[in-house]
Each structure stands twice: as C-alpha cells, then as structure tokens.
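The following exercises concern one protein model and its charged pairs, domain contact and buried positions. Each task is followed by a solution in steps.

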Amino acid sequence: MKKNITCIPGDGIGPEIVTEAKKVLDKVAEVFGHEFVYKDILMGGCSIDACGVPLTDEAIADAKAADAVLMGSIGGNTSTSPWYKLEPSLRPEAGLLKLRKSLNLFANLRPAYLYPQLKDACPLKEATGEKGFDMLIMRELTGGLYFGDRKTEEVDGELVATDILVYRESEIRRIAVRGFDVARKRRKSVISVDKANVLDSSRLWRKVVEEVAKDYPDVTLEHMLVDNCAMQLVKDPSQFDVVLTENMFGDILSDEASMITGSIGMLPSASLNDTSFGLYEPSHGSAPDIAGQNIANPIATILSAAMMLRYSFNLDKEGDAIENAVRKVLEEGYRTVDILPKTEENKFTRTACSEMGDLIAERIVNS
Ligand code: NAD
C-alpha cells in the first residue's frame with residue numbers, strides 16, 4: 001500500500017518526536033511491504049518566522065492533498081516568546097484551529113490507557129492502578145459552545161456576557177456514528193455523556209444518540225450526566241470503554257482522563273472528518289523547556305502514527321505492531337526521563353528520545 005503523509009514537525013520538541021515517529025513508520029513499511037511518502041509543511045511559530053503567518057494557504061493545500069497528517073506540536077513559551085506578542089489570529093495556535101476548520105475535523109479521539117508498567121504513575125488509589133483502565137474519549141470538535149455566537153454588552157448599567165450553545169441533529173448524528181463505529185473495534189460499549197437534566201442541547205444529544213444506537217445492536221449504550229462522569233473517572237475509570245460527548249464536556253473530561261494516566265508523554269490523539277482522512281498528534285504541547293535536548297518522550301507521537309495506520313489506512317495489524325513494540329520496550333525497562341520513577345531510577349534504563357525511536361523500530365514485527 002502506498003500512502004502520502006503530510007508531516008507538521010512544528011515547534012519545540014515537535015521536530016524531534018516526528019523524526020522518531022517517521023523512523024517507526026519506515027520500519028513498519030519495510031516489515032509489512034508498504035510505502036509511506038512524507039512531505040513536511042510549516043505550521044505554528046516556525047511558519048510565523050518563515051512566512052509571517054502561522055499557516056499558509058499552500059500548507060493547507062498540501063495537508064488536504066495527503067492521505068493523512070501527522071503532527072508534532074506547535075507553540076513556544078507563552079510568557080517569553082515573541083509569537084505571543086502578536087494579535088491572536090497570528091499566533092501559533094491560530095494555525096492549528098485554521099487547519100482543523102479547513103479539514104472539517106469534527107471528531108476528536110483521545111485514548112487514555114494505563115500501561116501496567118507505568119501503573120505507579122497513576123495518581124489514584126493503588127487498587128485503581130492495579131485494576132488498570134483503557135478508555136477512548138470521542139469528543140465533538142467543531143460545534144457547541146466554543147463555536148456559538150458570543151457577546152459582552154452593557155445591560156441596565158452592568159456588563160452581561162452571553163455564549164450560545166447550539167447543536168444540530170446532523171452534527172450529533174455524525175459524531176455518534178463515529179463513536180459506535182470505534183466501539184465496534186474495541187469492547188463494544190458506549191457511555192454517552194450529557195447534561196440532559198438541564199440542557200435542551202443535551203436532550204437532543206440523547207435522543208439522536210439513541211436513534212443511532214439502534215443500528216448497532218451489538219454495542220451497549222448507557223447515558224451518564226457529565227458531573228457524575230467527572231466523579232466516576234476518578235472513582236473507577238475501568239468502567240469506561242468509549243466515552244461519547246460534546247465539545248466542552250469532552251475538552252474537560254479528556255484532560256481529566258489523561259491526568260489519571262500520570263504520563264502525558266504517552267498519550268496520542270486523532271481528529272477525523274467524515275472520510276478516512278485524519279490529523280494525528282500527541283496530546284501534549286511543544287514542551288519548549290526541554291526542546292533540542294534529545295530527552296523528550298516520542299511515544300505519544302509514535303502511538304499517534306499507530307492510530308493513523310488504524311483509522312485512516314485501515315491497517316490494524318500494523319497499528320498493533322507499533323503498540324506491541326511500545327509495550328515491549330516498557331517491559332524491558334527503557335524509560336525517557338518523564339516516565340522514569342524518581343525513587344527507583346536504578347531499576348530502569350534512562351533512554352534518550354532518538355534511542356527510544358530506535359528501540360521501538362527494532363521491535364516492529366509481523367507476527
Ligand atoms: P506541554 O505539554 O508542552 O508541557 C507541559 C510539561 O510536560 C512540560 O514540563 C514539558 O516538558 C512536559 N512534556 C510535554 N510533553 C512531553 C514529552 N513528550 N516528553 C517529556 N516531557 C513532556 O504544555 P505547556 O508547557 O503548557 O505548553 C507549551 C506550548 O505548547 C504552548 O505554546 C502551548 O500553547 C503549546 N501546546 C500546543 C498543543 C498542540 O500543538 N496541539 C497542545 C498543547 C499545548
């Protein structure tokens with residue numbers, strides 16, 4: 001299979017971690033007989049420096065022309081970087097928002113998985129860490145409160161701010177279909193999260209999700225109120241498989257879920273549209289504090305590449321090969337500094353970013 005991948009190395013540690021993900025993809029191509037052709041584009045601070053804007057129209061065209069986009073991370077130190085003295089529409093993050101909008105990426109998938117080898121990093125009770133968890137948050141990304149009209153005006157001598165939350169049936173249906181499709185590839189359980197005891201948009205959400213569920217009799221559906229979900233995530237995260245939710249709830253819950261894994265450098269993400277196209281990136285930022293030192297953890301980006309194989313190229317076996325290789329490297333005791341337990345450092349092998357990429361690539365097998 002031949003696939004064209006547009007890469008966005010970006011800023012900070014971005015170029016280092018994307019290099020490692022390409023290294024692993026090249027090994028997958030060699031072992032499984034595929035061809036991956038890469039084209040790098042600029043986005044974020046590096047694009048501001050080179051072109052004066054965080055994303056050019058040519059870069060958008062290159063992203064659209066590819067089969068998928070693999071990204072590192074963008075942005076700099078928000079207190080000291082000159083990029084943050086620019087007006088908001090010219091700052092690094094504006095490039096990413098523009099790209100998501102241009103590519104109509106409405107479905108955001110963020111897995112939160114506790115590796116048994118990293119269970120001590122889980123900040124919850126020891127018993128929760130022992131039990132483990134493996135969930136995927138399916139967040140609607142282009143509707144809801146963040147995209148509604150907003151205004152602040154003076155009414156009767158005081159300021160009044162209004163943000164409007166709108167969801168159309170079609171927007172809910174397409175993300176629900178994505179959620180149930182993904183659940184079929186996992187443990188066949190969807191928990192749909194809303195605030196249907198208060199919000200009309202949530203009552204519509206629940207109605208449409210129930211309609212979609214009828215086409216998936218093999219997948220179980222439960223509804224959960226968002227406040228309860230926030231509690232259940234810290235009480236017993238093992239109960240969740242696919243969490244299907246709207247934009248703002250998903251924003252907050254996905255950060256909560258990533259926190260309880262205790263290792264942000266391990267978490268991939270995917271943003272999909274209604275074709276097989278997707279943008280794949282780690283859940284963390286550009287970590288400018290450690291950029292250029294070859295100490296970043298490349299695993300979140302490598303696992304994002306595995307998601308790309310699975311969701312955009314339908315190459316499940318190849319995705320498994322990457323995930324198995326990551327597990328093996330952890331079992332063998334290799335750790336980048338962010339996942340190295342401070343009290344037991346001598347039990348593990350401290351591993352550089354480029355070395356971690358080599359070790360994972362070496363363990364890719366067609367089994
Ligand atoms: P961050 O995720 O970049 O860093 C938070 C902490 O985690 C830092 O101490 C960092 O060193 C560490 N860290 C993050 N990823 C790591 C990795 N792979 N390996 C080892 N350690 C890692 O968050 P921040 O400091 O708040 O943001 C830095 C910049 O990244 C900002 O400009 C922010 O806007 C941007 N950002 C970009 C994206 C994106 O591109 N999608 C997402 C979040 C933040």
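## Exercise 1: The domain interface

Asp316 and Lys185 form a salt bridge, with the closest N and O atoms 3.4 Å apart; the term denotes a side-chain nitrogen of Lys or Arg within 4 Å of a carboxyl oxygen of Asp or Glu. The model is predicted, so local features need pLDDT of at least 70 and side-chain atom pairs count only at pLDDT 80 or more, while totals for chains, interfaces and linings use all residues. Residues are numbered from 1 along each chain as its sequence is written, and side-chain values use heavy atoms, with hydrogens and water left out.

**Task.** Describe the interface of domain 1 and domain 2 by its residues, its area and its polar pairs.

**Solution.**

Step 1. Establish the division. Domain 1 comprises 1-105 + 274-367, and domain 2 comprises 123-260; such bounds come from an automatic or database domain assignment. The C-alpha centres of the two domains lie 26 Å apart.

Step 2. Identify the contributors. Nine residues from domain 1 and seven residues from domain 2 take part in the contact, where contact means heavy atoms within 4.5 Å.

Step 3. Evaluate the area. About 660 Å² is buried between domain 1 and domain 2, and carbon and sulfur atoms give 50% of it. Buried area is the accessible area (1.4 Å probe) that two parts lose on being put together, summed over both. Asn104, Leu105 and Tyr311 supply 51% of the area that domain 1 buries against domain 2, more than any other three residues.

Step 4. Count the polar pairs. The rule finds one salt bridge across this interface. It also finds two residue pairs in polar contact, both at pLDDT 80 or more. A polar contact is a pair of N or O atoms within 3.5 Å; within protein, one must be able to donate a hydrogen and the other to accept it, and residues adjacent in sequence count only if both atoms are side-chain atoms.

Step 5. Classify the side of domain 1 that touches domain 2. Its residues divide into two nonpolar, three polar and four charged. In this scheme Ala, Val, Leu, Ile, Met, Phe, Trp, Tyr, Cys and Pro count as nonpolar, Asp, Glu, Lys and Arg as charged, and the others, Gly among them, as polar.

## Exercise 2: Pairs within a helix and between loops

**Task.** How many salt bridges does a search of the whole structure find, and where do Asp241 and Arg186 lie?

**Solution.**

Step 1. Begin with the total. The search finds 30 salt bridges. Side chains of opposite charge can pair when their charged atoms come close.

Step 2. Examine a pair within a helix. Glu169 forms a salt bridge with Arg173, the closest N and O atoms being 4.0 Å apart. Both residues lie in helix α6 (residues 169-184), four residues apart, or about one turn of the helix. Helices (H or I, at least four residues) and strands (E, at least two) are DSSP runs, numbered from the N terminus.

Step 3. Add the accessibility. Glu169 is partly exposed at 39% relative accessible area, and Arg173 is partly exposed at 31%. Buried means under 20% relative accessible area, exposed over 50%, and partly exposed in between (1.4 Å probe, protein chains only).

Step 4. Turn to the loops. Asp241 forms a salt bridge with Arg186, the closest N and O atoms being 2.8 Å apart. Asp241 lies in the loop between α8 (226-235) and β10 (242-245) and Arg186 in the loop between α6 and β8 (189-194), so the pair ties together parts that are 55 residues apart in sequence. Asp241 is buried at 2%, whereas Arg186 is partly exposed at 21%.

## Exercise 3: A buried strand residue

**Task.** Is Ala107 buried or exposed, and which residues is Ala107 in contact with?

**Solution.**

Step 1. Locate the residue. Ala107 belongs to strand β4 (residues 107-113).

Step 2. Read the accessibility. Ala107 is buried, with a relative accessible area of 0%.

Step 3. List the contacts. Leaving aside neighbours within four places in sequence, Ala107 is in contact with Met138, Arg139, Leu141, Ile175, Arg178, Ala270, Ser271 and Leu272.
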